[in-house]
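User: I would like to go through this model and ask on what grounds its features are named as they are. Please set each value against the rule it has to meet.

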Amino acid sequence: MSGFPRSLLRPSGYLGVPFALLGATLTLPAFPFALVVALLPGPPQLHFVLALAVVAFVMGLAGLAGPTRRFGVAAANGMLGLDLPAPGRARPPWPARLRSAAWLVLHAGLGGVLLAVEGVLLLGVLIPVLWLDGDQGQFEFFGLRASAGPWTVPVALVMLVVALLLAAAATRGFRAGATALLGPSAAERAALAERRSAVLAQRNRLARELHDSIGHTLTTSTIQAAAVAELVEADPAQVRRALGTIEEASRSALEDLDHVLGLLREEPAAKEPTRTLTEVDVLTVRAREAGLDVRLAVTGPVAALPATVSREGYRIVQEGLTNALRHAGPGSVDVRVEVGPDRLGIAVVNALPGEGPRTGRRGLAGLAERVEALRGELDAGPDGPRWRLNASIPLRAGA
């Protein structure tokens with residue numbers, strides 16, 4: 001309760017009053033039904049109880065609707081300063097609908113009671129006006145007879161303080177009630193956490209796609225552009241071939257970038273680029289044109305690989321060649337792709353640079369995530385004077 005007295009000094013501590021007014025206003029559509037009950041024969045006390053029951057019943061039925069829950073969350077967030085997650089458009093389950101109905105009944109009922117009590121207290125604050133106006137006669141205040149006098153001032157101050165305390169307490173109560181009844185249940189929180197985890201996984205996957213595709217293209221294009229500058233006059237035909245390779249690689253990278261941006265914007269993207277190990281020779285051709293001496297060996301039915309395995313295999317070779325373009329020492333780069341009966345093996349081997357092993361940590365981390373997702377194994381590191389990247393991916397679950 002340490003924050004309660006401090007809330008009396010902040011305007012946000014009294015947001016429960018307009019929120020209570022909203023709740024009382026929401027009962028207006030139910031009053032015609034209550035009026036019908038009030039016109040039935042019987043004692044007035046019974047009419048009053050039945051009218052309240054009818055109003056609560058109608059409000060409860062309204063609270064079962066999905067839009068009512070969304071409206072309640074929006075009102076609580078906007079008027080009480082909460083941060084409740086907005087419900088989805090799908091029809092909420094019955095437990096959530098029942099909690100929404102209970103909240104609407106409490107919101108309307110407590111709102112009406114709060115406004116009635118606050119009205120009485122604030123009316124009492126005006127009693128000193130009779131004394132200050134010079135009226136010393138008798139007056140009646142809700143059945144109590146008294147004479148106006150100086151005593152009305154402290155009484156009015158007490159009633160004002162009570163009204164403020166009640167408004168602040170109602171604000172805290174409304175916030176707690178809205179959080180409990182409109183906030184996500186344990187199952188909803190678990191589903192929300194799962195959705196957030198899926199979003200983070202998707203972002204990580206997109207980051208890997210951009211790193212692999214754009215990084216490879218920029219590396220290849222930079223090296224080729226540097227070579228072209230030296231061959232402009234000496235070998236125009238080689239310059240044209242290099243420029244054509246740069247254009248093709250850039251167009252491919254732009255397709256990848258357009259696809260990833262479409263996913264990030266949640267737009268209906270164009271067809272997802274599907275580059276598989278059947279195009280591994282394209283990667284080696286680009287690497288050769290960028291200056292690498294690449295030797296490619298492919299064994300086994302690459303075209304028969306599962307689509308997911310083949311796509312990830314393409315990215316593994318791409319990252320291996322990108323690292324070789326950046327860091328390989330003199331000598332050839334060996335790329336081996338072996339498709340066995342139950343596993344795919346990929347190896348990229350190149351000479352180490354003179355100053356020792358240098359690798360792209362972010363790229364290798366992305367490869368490790370790709371291979372792990374397919375329940376495979378990745379091994380990368382120096383092997384004598386050469387750098388070796390080995391990946392082994394099972395083709396069947398449990399293999």
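Analyst: What follows is a set of questions and answers on burial, strand pairing and cavities in this predicted model.

User: What makes up the chain in terms of helices and strands, and how many of its 399 residues, in percent, are buried?

Analyst: The chain holds 13 helices and seven strands. Of its 399 residues, 38% are buried, where buried means under 20% relative accessible area. Among contacts between residues at least 6 apart in sequence, 70% join residues at least 24 apart.

User: Why is Y314 called buried?

Analyst: Y314 has a relative accessibility of 3%. The cut-off for buried is under 20%, so Y314 counts as buried. Its place is in helix α12.

User: Which residues are in contact with Y314, leaving aside its neighbours within four places in sequence?

Analyst: Y314 is in contact with R275, T276, L277, E279 and L283. A contact needs heavy atoms within 4.5 Å. For Y314 and L283, the C-alpha to C-alpha distance is 8.7 Å, and the two are 31 residues apart in sequence. The 8.7 Å refers to C-alpha atoms, whereas the contact rule refers to heavy atoms.

User: Is T27 buried or exposed?

Analyst: T27 is at 9% relative accessibility. Buried means under 20% and exposed over 50%, so T27 counts as buried. T27 lies in a loop, the one between α2 and α3 (31–38). Not counting residues up to four places away in sequence, T27 touches V55, M59 and A108.

User: What is the strand order of the open sheet, and which are its edge strands?

Analyst: The open sheet has five strands in the order β3-β4-β5-β7-β6. The edge strands are β3 (293–299) and β6 (377–383), since each pairs on one side only. Neighbouring strands of this sheet are turned by 10° against each other on average, direction ignored.

User: How do you know that β3 and β4 pair, and in which sense do they run?

Analyst: Two strands pair if DSSP finds at least two bridges between them. Seven bridges join β3 to β4 (residues 332–339), so the condition is met. The two strands run parallel. L296 stands opposite V335 in β4.

User: What makes the pairing of the sheet mixed?

Analyst: Strands of a sheet pair through backbone hydrogen bonds, either parallel or antiparallel. Here β3 and β4 run parallel. By contrast, β4 and β5 pair in the antiparallel sense over six bridges, with V339 opposite L344 in β5. Nine bridges join β5 to β7, which run antiparallel. β6 and β7 also pair in the antiparallel sense, over seven bridges. The pairing of the sheet is accordingly mixed.

User: Which bridge partners in β7 do A347 and G345 have?

Analyst: The partner of A347 is N390, and the partner of G345 is S392. N390 also has D379 standing opposite.

User: How many residues lie between the strands in the hairpin of β4 and β5, and in that of β6 and β7?

Analyst: There are three residues between β4 and β5 and two between β6 and β7. In the hairpin of β6 and β7, G384 takes a positive phi near 70°.

User: Why is β5 described as largely enclosed?

Analyst: Seven of the nine residues of β5 are buried, so β5 is largely enclosed by the rest of the structure. Helix α12 (residues 307–327) lies across β3, β4, β5 (343–351) and β7 (386–394). The angle between α12 and β5 is about 5°.

User: How many cavities of 30 Å³ or more does a search find, and what space lies in the largest?

Analyst: The search of the whole structure finds four cavities of 30 Å³ or more. About 90 Å³ of space lies in the largest cavity. A cavity is a set of points where a 1.4 Å probe fits but cannot get out.

User: What lines the largest cavity?

Analyst: Its lining includes F19, R69, W103 and L182. The elements that give two or more residues to the lining are α2 (16–26), α5 (66–80) and α6 (94–125). α5 gives the most, with five residues. By class, the lining has seven nonpolar, four polar and one charged residues.

Terms used: Residues numbered from 1 in each chain as written. Predicted model: local features only at pLDDT ≥ 70, side-chain atom pairs only at ≥ 80, totals over all residues. Heavy atoms only, no water. Helix = DSSP H or I, 4+ residues; strand = E, 2+ residues; numbered from the N terminus. Axes fitted to C-alpha atoms, helices over the stretch in contact; angles between N-to-C directions. 1 Å grid on protein atoms, 1.4 Å probe; cavity = no way out; pocket = protein on both sides within 12 Å on 5 of 7 lines; lining within 4 Å. Points joined across faces, edges and corners; volume = space filled by probe spheres on them. Nonpolar A, V, L, I, M, F, W, Y, C, P; charged D, E, K, R; others polar. Buried < 20%, exposed > 50% of the residue type's maximum accessible area, 1.4 Å probe, protein only.
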